[in-house]
Amino acid sequence: MSATGSLYIVATPIGNLADITLRALEVLKSVALIAAEDTRNTGRLLSHYEIGTRCVAVHDHNEQQKIAWLEQQLLDGKDIALVSDAGTPLINDPGYHLVSAFRAKGYSVVPIPGACAAIAALSVAGLATDRFLYEGFLPAKTKARQERLNELRQEPRTVVFYESPHRILDSLADIVTCLGPERELVLARELTKTFETIQSLPAQALLDWVKVDPNQQKGEMVLMVAGYQKAQQQLPVEALDTLKLLQAELPLKKAAALTAKIYGLKKNALYDYGLKQGE
């Protein structure tokens, strides 16, 4: 046993209590102390699994003040588990100051992976996931929210937001304004819970859908935005006329290559156009 205790960062379910891992249960049972964002919320989880470990509240408003006291617990050889209300701590939840301070001092900080709403939503969204950008919550004020969305207008990666029920309509309206009514969105609501809903629609259509159904304005939400894609190159009318004239005398491949050279265009785009015209 080490001279000092370890801090375990424990992911907990985002809804369905069965989504906790066996390792997480083992850690929650074995540690001396659980630092919880909300002891009442965590208490329900612990009660469900008949875990009697002591809980103390560590949240946004007291986290920095609790660091010294929690450090003393580690120095006394006690292990501590950090949990948030749901999902993985520090992902839009408290814990950054604690982890940063303890790592800087050389204490053992151990991840216990599990549920994360953003990752769960991405896994079923049907959007590109090889590269994505996690943004947390959009700003609450309209001006700041629109400024942020405008900064993301040409972001090529899938963008992931968390959103609250009282702001979902305003955020969707601003996405329509800033990113366009046709931008593909996916709304994942109440994941792993009774009223789980996952809907994929263009921005304006999704806004209209949420507007007419108050039930879709409730609960925990992950909102995902398809990455920006450059519009297909518009071929000049003059180039298309030239392509047509050359096609009368030459094979399409040669005609496309010559037209591309004349107008400084990509021959593949002209070739594809010619093929479609011949269908």
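So, what covers the buried residues of helix α1? In this predicted model, the cover includes β1 (6-10), β2 (33-36), α2 (39-48), β4 (80-83) and β5 (108-112). And which residues of α1, which spans residues 22-30, are the buried ones? They're Ala-24, Leu-25, Val-27 and Leu-28. If you look down the axis of α1, those buried residues fall within an arc of 165°, so they line one face of the helix. Here's a handy bit of background: an α-helix has 3.6 residues a turn, so residues three or four places apart point the same way. Now turn to the face of α1 that points away from the buried side: there you'll find the exposed residues Leu-22, Glu-26, Lys-29 and Ser-30.

Okay, on to the sheet. Five strands make up an open sheet, and the order is β6-β7-β10-β8-β9, with mixed pairing. Which strands sit at the edges? Those are β6 and β9 (197-202), since each pairs on one side only. From one strand to the next, the twist averages 20°. Let's zoom in on one pairing: β8, residues 184-189, runs antiparallel to β9, and six bridges join the two. If you want to find one on screen, pick Val-186, whose bridge partner in β9 is Ser-200.

Two helices lie across strands of this sheet. Helix α7, residues 168-179, lies across β7, β8 and β10 (221-225), and it runs at about 5° to β10. Helix α8, residues 203-212, lies across β8, β9 and β10, at about 135° to β9.

Next up, aromatic rings. We describe a pair of aromatic rings by the distance of the centres and the angle of the planes. The count here is three aromatic pairs. One of them is Tyr-134 with Tyr-162, an edge-to-face pair with 5.5 Å centre to centre and 75° between the planes. That pair links distant parts of the chain, 28 residues apart: Tyr-134 is in strand β6 (residues 132-137) and Tyr-162 is in strand β7 (residues 158-163). Buried or exposed, what is Tyr-162? Tyr-162 is buried, at 11% relative accessible area, while Tyr-134 is partly exposed at 29%.

Tyr-162 also pairs edge-to-face with Phe-137, at 6.0 Å centre to centre and 70° between the planes. Again the pair links β6 to β7, this time 25 residues apart. Phe-137 is partly exposed, with 38% relative accessibility. Put together, ring pairs link Tyr-134, Phe-137 and Tyr-162 into a cluster.

Last stop: Trp-69. The charged end of Lys-66 sits over the Trp-69 ring, 5.3 Å from its centre.

How values were computed
Residues are numbered from 1 along each chain as its sequence is written. This is a predicted model: local features need pLDDT of at least 70, side-chain atom pairs count only at pLDDT 80 or more; totals for chains, interfaces and linings use all residues. Side-chain values use heavy atoms; hydrogens and water are left out. Rings of Phe, Tyr and Trp (its six-membered ring) pair if their centres lie within 6.5 Å; planes under 30 degrees apart count as stacked, over 60 as edge-to-face and the rest as tilted. Helices (H or I, at least four residues) and strands (E, at least two) are DSSP runs, numbered from the N terminus. Buried means under 20% relative accessible area, exposed over 50%, partly exposed in between (1.4 Å probe, protein chains only). A charge sits over a ring if NZ of Lys or CZ of Arg is within 6 Å of the ring centre and within 35 degrees of the ring normal. The arc is that of the directions from the helix axis to the C-beta atoms. Contact means heavy atoms within 4.5 Å. Two strands pair if DSSP finds at least two bridges between them. Axes are lines fitted to C-alpha atoms, for helices over the stretch in contact, and angles run from 0 to 180 degrees between N-to-C directions.
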